[in-house]
Amino acid sequence: MGGKTQLIEQLDAQLPADVASWPDVTYIEPFVGGGAMLFYMLQRYPNIRRAVINDINADLTTCYATVRDNVEPLIASLANIEQRYKELQTEEERKDFYMDARARYNEKNLDPVENTTLFFFLNRTCFNGLYRVNKKGLFNVPFGRYANPTICDPETLRKDSELLQRVEILTGDFERTFEYADGNTLFYFDPPYRPLSDTSSFNDYTKEAFNDDAQVRLKEYCDRIHEAGFKFMLSNSDCKGKNEDDNFFDVLYAAYRIERVWASRNINSNAAKRGKLTEILVHNYEATKANSYVEFFQLEPYVAEDEEQ
């Protein structure tokens, strides 16, 4: 799991400088996605007492819950579908198998193990590893033409299952995660990225659009977290990297620290558009692991608009 793997070191460097010494940490990801950061944090920071993950995509959260609670039946099911797929001799047969699996998955009446089996299978055999749904919520990514994909990885699944034992799994809107914050809490936000162009939002993760109004609502949620005394870090696309005049995030998060990091984008239907570009990291604390000296930066206290008037 996880498209953030390439960015992990840069993300880690922007965590609070003293996070490793916090006692009894609660770590919360309101948009868990592929979970690369989650699994990294659980392995890297043993002081995380509990983690809470959330996503609006019920198939995704069912996947996490199944890996956590039913890993051995899942492994058996994945091994079975991998064997059946790899026994097929032609690309046409594999495509037919894929299309049948996609249709079955879209019926949405499956038990958790079968649903998660098809979730994994489609991810490993679809075009470019995308997860995209249409406005009806139906998975619609075409066949990926892989003859020998790894669909079942028992060792990784068992390790992930062990790590997930201390994770609470929620399904719904990101704002509901606030009630789980307690004491030394760190939020990491990896929301649907703001498209850099009208045609770049090809990887719709759910049928619900995450538009600029949603981005503003997320920022207001970050204000709520900041006012409550919790820490947060947020990733998003860097609009200015595409258009120097696009100050959407710079204005929106002006009260907080904004860093820019380099990221490779390999998941794109147009090979010419893959490559390196910047992303933003926003956080509400001064000292980071990368720079524990804070003289150059004093975070202004957040003031709500109605308080300014």
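## Exercises: charges and burial

Aspartate 212 is partly exposed, with 30% relative accessible area. The model is predicted.

**Exercise 1.** Find the salt-bridge partner of aspartate 212, and say where both residues sit.

*Solution.*
- Start with the pairing: aspartate 212 forms a salt bridge with arginine 194, and their closest N and O atoms are 2.9 Å apart.
- Next, place them: arginine 194 is in the loop between strand E4 (185-189) and helix H8 (212-227), while aspartate 212 is in helix H8.
- The two are 18 residues apart, so the pair links distant parts of the chain.

**Exercise 2.** Decide whether arginine 194 is buried or exposed.

*Solution.*
- Recall the cut-off: buried means under 20% relative accessible area.
- Arginine 194 has 13%, so it counts as buried.

**Exercise 3.** Work out which parts the salt bridge between aspartate 238 and arginine 260 ties together.

*Solution.*
- The closest N and O atoms of aspartate 238 and arginine 260 are 2.8 Å apart.
- Aspartate 238 lies in the loop between strand E5 (231-237) and helix H9 (239-242), and arginine 260 lies in strand E6 (residues 257-265).
- The pair therefore ties together parts 22 residues apart in sequence.
- Aspartate 238 is buried at 5%, whereas arginine 260 is partly exposed at 36%.

**Exercise 4.** Describe the salt bridge between lysine 86 and glutamate 82.

*Solution.*
- The N to O distance is 3.1 Å.
- Both residues lie in helix H4 (residues 71-86), 4 residues apart, about one turn of the helix.
- Lysine 86 is partly exposed at 33%, but glutamate 82 is buried at 13%.

Definitions and conventions. Residues are numbered from 1 along each chain as its sequence is written. This is a predicted model: local features need pLDDT of at least 70, side-chain atom pairs count only at pLDDT 80 or more; totals for chains, interfaces and linings use all residues. Side-chain values use heavy atoms; hydrogens and water are left out. A salt bridge is a side-chain nitrogen of Lys or Arg within 4 Å of a carboxyl oxygen of Asp or Glu. Buried means under 20% relative accessible area, exposed over 50%, partly exposed in between (1.4 Å probe, protein chains only).
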